[in-house]
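Please take a moment to look over the sequence and the model before reading on. The paragraphs below go through a few places one after another.

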Amino acid sequence: MMIGNKSITKARAEEILHGKLVPAWNRETGDILRTIMSRAGRMQDRVVKSPAMRWAHDNGSLRLALGEDTLRVHGNALSQASGLAEVPASYVEVLREQDPDLLVDNLNRRFARRSNRQLVRSVGGEARAVLSDKFRRMDSRPIGEALAVAAKQYGLIPMGGAAPDLRYRVRLALPEVFEIVEGEYVMLGLDWQNSDFGRGAHDISAFFLRPVCANGASAESMMRQVHLGRRVEADGILSQQTLDLDSATAVSAAKDVVAAFLNPDNVRARMDHLRLAAAKEVSATTVEQFLRKHLTKEQVKKAQETYLSADVEMLPPGNSTWRLSNALSWLAHGARDSGDVEFAVDLQDLAGKALSL
């Protein structure tokens, strides 16, 4: 099944890191931070009573009218609104394609009967989220700026990330490689993630990357701050001042997490965790059961084929949780190359979960 390990030297791992990966990461991280700043600058929040939300469609494109303003509707906002209205997702998809008149009629009837208020978050005239008015609003810009300052202070290097429509990820890493077993080198980084649109918590987690193939996995959370807080009292368009107040705690917490992350004892503990993962064998049955909990049938098949392949360059050798994690990370490369950045991010999260099998 697997052939012998093509191990590399530390010098070669460092050459790959500084000669190939770091220049690409610098460009990628810059692009992501610019996207964060641009998107946040165009974001607008409105709190409205549910009966005041009027749904319509124009040539198959959904629209949401809020008083005098009319917004295009992102699929995420439709999914969230349908959940609030207790309209089944499968039914929504069918109606959106086959009978949009009936879809908007259902939504308008259901929202007219609700007494709740909703936070509608839009970007450039598009409603990207329909959330509870208890959603804790956080501005990603000052958090990202705080992490950039911390990176400079502690000598961390940019490690890329992703910025699809609904989420952000920015990674920072220690500028060195660690040998977890003979010829097997990894990097340790921070993975900051946030969704301004209800698609995940504000979180900072550990991130492991294998320089020889750039396979990466997000591991345990070091700070998980869900977007639930005090209820917003005012109706209408919300001010930047209230957003700044809601973001201050997140900025402070991010600084504390970076400092704790760099504690030498914590770094050693994470390397020990990877050594255990590299040594821990798992059965084919365990692998299949794990994959079936998280992936579709076709995705499970592809992940199994990757894991069971003879490749020991893009993947570490053996039948370990470390290899399984790398197999999922390798699939994330393919998802990203095909344009499915959201799924690539999900696969790297799943790769982190595999480390604790």
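Helices, with at least four residues, and strands, with at least two, are DSSP runs that are numbered from the N terminus. With that naming in hand, Asn319 can be placed in the loop between α9 and α10, the latter covering residues 321-337. The model is a predicted one, and every value that follows is computed from it. Asn319 has a relative accessible area of 26%, so it counts as partly exposed, given that this class lies between the limits of 20% for buried and 50% for exposed. If you look from Asn319 to Arg136, you pass over 183 residues in sequence, and the two C-alpha atoms are 43 Å apart in space.

The helix before this loop, α9 (residues 297-307), packs with helix α8 (residues 284-294) at an angle of about 145 degrees, and their axes are 10 Å apart. The crossing in which α8 passes α9 is right-handed. On the side of α8 the contact is made by Val287, Glu288, Leu291 and Arg292, while α9 brings Val300, Ala303, Gln304 and Tyr307 to it. Sorted by class, five residues of this contact are nonpolar, one is polar and two are charged. The spacing of such positions can be read with a general rule in mind: an α-helix has 3.6 residues a turn, so residues three or four places apart point the same way.

We turn next to the aromatic rings. A pair of aromatic rings is described by the distance of the centres and the angle of the planes. The structure holds one aromatic pair. Its rings belong to Trp55 and Phe111, and because their centres are 5.7 Å apart and their planes stand at 45 degrees, the pair is tilted. The pair links distant parts of the chain, since Trp55 is in strand β2 (residues 53-58) and Phe111 is in helix α4 (residues 100-112), 56 residues apart. Both Trp55 and Phe111 are buried. Over the face of Phe111 lies Arg114, at 5.8 Å from the ring centre, and Arg128 lies over the face of Phe197, at 5.9 Å from the ring centre.

Strand β2 and helix α4 appear again when we consider helix α2, which covers residues 75-84 and in which Asn76, Ala77, Leu78, Gln80, Ala81 and Ser82 are buried. Which elements do the buried residues of α2 pack against? They pack against β2, β3 (61-66), β4 (69-73), α3 (89-98), α4 and β6 (126-132).

After α2 comes Glu86, a residue of the loop between α2 and α3. Its phi is positive, at about 60 degrees, although Glu86 is not a glycine. Is Glu86 buried or exposed? At 62% relative accessibility, Glu86 counts as exposed. Ala214 likewise has a positive phi of about 60 degrees without being a glycine, and Ala214 lies in the loop between β11 (202-210) and β12 (215-225).

The last stop is Asp69, which is found in strand β4, one of the elements against which the buried residues of α2 pack. With 32% relative accessibility, Asp69 counts as partly exposed. Once its neighbours within four places in sequence are left aside, Asp69 is in contact with Arg46 and Leu64. Between Asp69 and Val341, by comparison, there are 31 Å in space from C-alpha to C-alpha, and the two are 272 residues apart in sequence.

Key: Residues numbered from 1 in each chain as written. Predicted model: local features only at pLDDT ≥ 70, side-chain atom pairs only at ≥ 80, totals over all residues. Heavy atoms only, no water. Phe/Tyr/Trp six-rings, centres within 6.5 Å; stacked < 30°, edge-to-face > 60°. Buried < 20%, exposed > 50% of the residue type's maximum accessible area, 1.4 Å probe, protein only. Lys NZ or Arg CZ within 6 Å of the ring centre and 35° of its normal. Axes fitted to C-alpha atoms, helices over the stretch in contact; angles between N-to-C directions. Left-handed = near helix turned anticlockwise from the far one by under 90°. Contact = heavy atoms within 4.5 Å. Nonpolar A, V, L, I, M, F, W, Y, C, P; charged D, E, K, R; others polar.
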